[in-house]
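Colleague: Hi! Could you walk me through this one in plain words?

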Amino acid sequence: MEVVEPQSLKKLSYKSLKRSLDCFAPLHPTFPPPDPLSKKIRLSHKMKLEYGGIEPTSIKPQASKQDQGSSLSAPSDTLALPAPEDAQRGGIHNALAAVPVKEPRSNDFGPTKSSAVISAPGFTDRFSTSALMERVSSRWPRPDWHRPWKTYRVISGHLGWVRALAFDPSNTWFCSGSADRTIKIWDVASGQLKLTLTGHIEQVRGLAVSQRHTYMFSAGDDKMVKCWDLEQNKVIRSYHGHLSGVYCLALHPTLDIFFTGGRDSVCRAWDIRTKTQIFALTGHDNTVCSVFTRPTDPQVVTGSHDSTIKFWDLRHRGRTMSTLTHHKKSVRALALHPKQNVFASASADNIKKFSLPKGEFMHNMLSQQKTIINAMAVNEDGVLATAGDNGSMWFWDWKSGHNFQQAQTIVQPGSLDSEAGIYALSYDITGTRLVTCEADKTIKMWKEDETATPETHPLNFKPPKDIRRF
C-alpha cells in the first residue's frame, strides 16, 4: 500500500489555487489570434465559388484604330449599365461583367442578343442586376377597404361594470348585464331604457336571447343560470349544477339546449324545457371563459384560461373531438364568422384564425394588440372588432388580417383612466352597428363613418415577408 505523505495546509492551498486558475482563467475561453494566411485562403475560396464565371473588365489592353473601327461597326451583344456620378469622377474601377457561358446561334430571323451584362467602370454594389429581375407579387391576400368606425352614442344607466350583451333577433332591442346585478333592456334605435330585470345576487356575466322562443338566458357569478320569459318579464326556470361562477353562455342554433362555462372548468349542456343537465363537458384545466355553437360538427367549441381550445362531439356523450394548443395565454374570446366555416380566437399573445371542422390553423393577425382581449365579434362584411382590457378597440380585415383602425375608448367624465376596459361587444343583426360594454358603467354604440373615402383614409398595407405557422 502506497503511503501518502502529509502536506502542509499552505501547499494544499497553492495546489487548489493553481487548479482554479487553470479551470477559470480569463484567457481560457478566448480564441487564438487569426492567421492571415488561412484568412487569405478562405477568402479566395469564397470568391472563387461566388464569382467563378466573372472576370474583371477595368484593365484592358490599348486597342488599335483598326480594332476600334471594327468594334464600332459590329453590333454589341451586351447590356452596359451606367456608372454613378461619383464613380465617373474617379471612383472605384474594379467593376465586374457577367460572361455568357455559351454563344447563342443566329437563326433565320436575324442575330440573337446575348444576355450578358457588363457594368461600366465604377459600378458599385448599389446598382446590381437585381434591379432587372422580375418582382414576384406577394401571395398574401390584399385587404378590402373598410370605412373607419366612430362612436355615435353613449348610454348611461348601470351602476357597475357592464359585463354582458345580447341582441334580440328582431333587432329592435338589446339587453345588457352588469356588476350591479341587474339586466337592462335598451331600444336599439333611440338608446332609451325599456326594462330593468332583477334576480341575480352577483354580477351578470353571460346573456343570450333565443331565436326560437320568447326566452332570454342569463348567467352570473352567483352560480345561477336563469331563463326569463319575456312575455311575463320574470324567471320561469333556474338551472343548478355549476360549482362556481358562470362566465359564458351560448344557445344551440337548432336544438333546444344551451351551454354554459365557468370557473369550475366545465362546460355544461342544459335542456331548456326539463332543466336537466345533459352533458358535463370536462377536460379543461382552468376556467372556461368563451363558448360558441354550430349546427354541424363540431357543434360546441370552448376556450379556456388553460390556453387551449376544445371541440366537443355531442353525438358521443360529449367527448373531446380535438384540442388546439396554439395559444400561449388564456383564450378569452372566440368569434365565428357568420358565413364562412372559419373562427377566430383571441389571446394576449395573438389573434389566430382556424378553419372548421378540422380546426386547421390558417394564420395570425398581422399585428398584436398587446393587451388582454376580453371580447371579439365579426360581421358579414369581414370587419373583425377586438376589445382590450386597456380600452383599446381595434378593427381588422377578416380576409387578410390587416389592422386598419386603432381606436381608444374615452371614459365617462368622473371615471378613472384605469376604468377604460371593454368587457363585451357585439354587432347588431345587420352588422352595421356595434355595441360595447365598458368598465366606466357605460354602453357605447359605434357605426361607420359615412364621409370616409379611400382617398381620405387610404389603405396602408404591407404584406408580411413570411407566413408564421404557429
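**A chat about the model**

Colleague: Let's start with Cys 175: buried or exposed?

Modeller: Cys 175 counts as buried because its relative accessibility is 0%. Buried means under 20% relative accessible area, exposed over 50%, and partly exposed in between, with a 1.4 Å probe and protein chains only. Before we go on, this is a predicted model: local features need pLDDT of at least 70, side-chain atom pairs count only at pLDDT 80 or more, and totals for chains, interfaces and linings use all residues. Residues are numbered from 1 along each chain as its sequence is written, and side-chain values use heavy atoms, with hydrogens and water left out.

Colleague: Thanks! And how many disulfides does the whole structure have?

Modeller: Zero turn up in a search of the whole structure; a disulfide would be a pair of cysteine sulfur atoms within 2.5 Å.

Colleague: Why does Cys 175 have no bond to the closest cysteine sulfur?

Modeller: That sulfur belongs to Cys 437 and lies 9.4 Å away, so it is too far for a bond. Cys 289 is in a similar spot: its closest cysteine sulfur, in Cys 248, is 6.8 Å away, which is also too far. Cys 289 is buried too, because its relative accessible area is 13%.

Colleague: Zooming out, what does the secondary structure come to?

Modeller: Four helices and 32 strands. Helices (H or I, at least four residues) and strands (E, at least two) are DSSP runs, numbered from the N terminus. Of the 470 residues in the protein, 44% are buried.

Colleague: In what order do E6, E7, E8 and E9 sit in their sheet?

Modeller: The order is E6-E7-E8-E9, in an open sheet with antiparallel pairing. E6 (162-167) and E9 (193-198) are the edge strands, each pairing on one side only. From one strand to the next, the twist averages 20 degrees; axes are lines fitted to C-alpha atoms, for helices over the stretch in contact, and angles run from 0 to 180 degrees between N-to-C directions.

Colleague: How many bridges join E6 and E7?

Modeller: Five, in the antiparallel sense, with E7 covering residues 173-178. Two strands pair if DSSP finds at least two bridges between them. Leu 165 stands opposite Ser 176 in E7.

Colleague: How do side chains point in a strand?

Modeller: In a regular strand they alternate between the two faces of the sheet.

Colleague: New topic: how many aromatic pairs does the structure hold?

Modeller: There are 15. One of them is Phe 167 with Phe 174, a tilted pair with 5.3 Å centre to centre and 40 degrees between the planes. Rings of Phe, Tyr and Trp (its six-membered ring) pair if their centres lie within 6.5 Å; planes under 30 degrees apart count as stacked, over 60 as edge-to-face and the rest as tilted. Phe 167 and Phe 174 are both buried. There is also a cluster, where ring pairs link Trp 149, Phe 395, Phe 404, Tyr 427 and Trp 446.

Colleague: Now Asp 440: where does it lie?

Modeller: In the loop between strand E31 (433-438) and strand E32 (442-448). Asp 440 counts as buried because its relative accessibility is 1%. Its side chain makes a polar contact with the side chain of Thr 442, at 2.7 Å. A polar contact is a pair of N or O atoms within 3.5 Å; within protein, one must be able to donate a hydrogen and the other to accept it, and residues adjacent in sequence count only if both atoms are side-chain atoms.

Colleague: Which residues does Asp 440 contact beyond its neighbours within four places in sequence?

Modeller: Ile 410, Val 411, Gln 412, Ser 415 and Glu 419, where contact means heavy atoms within 4.5 Å.

Colleague: Last one! Which residues does a cis peptide bond join?

Modeller: One such bond joins Asp 297 and Pro 298, with omega about -10 degrees. Pro 298 sits in the loop between E18 and strand E19 (300-304). Another cis bond joins Leu 356 and Pro 357, with omega about 10 degrees, and Pro 357 is in the loop between strand E24 (351-355) and strand E25 (361-364).
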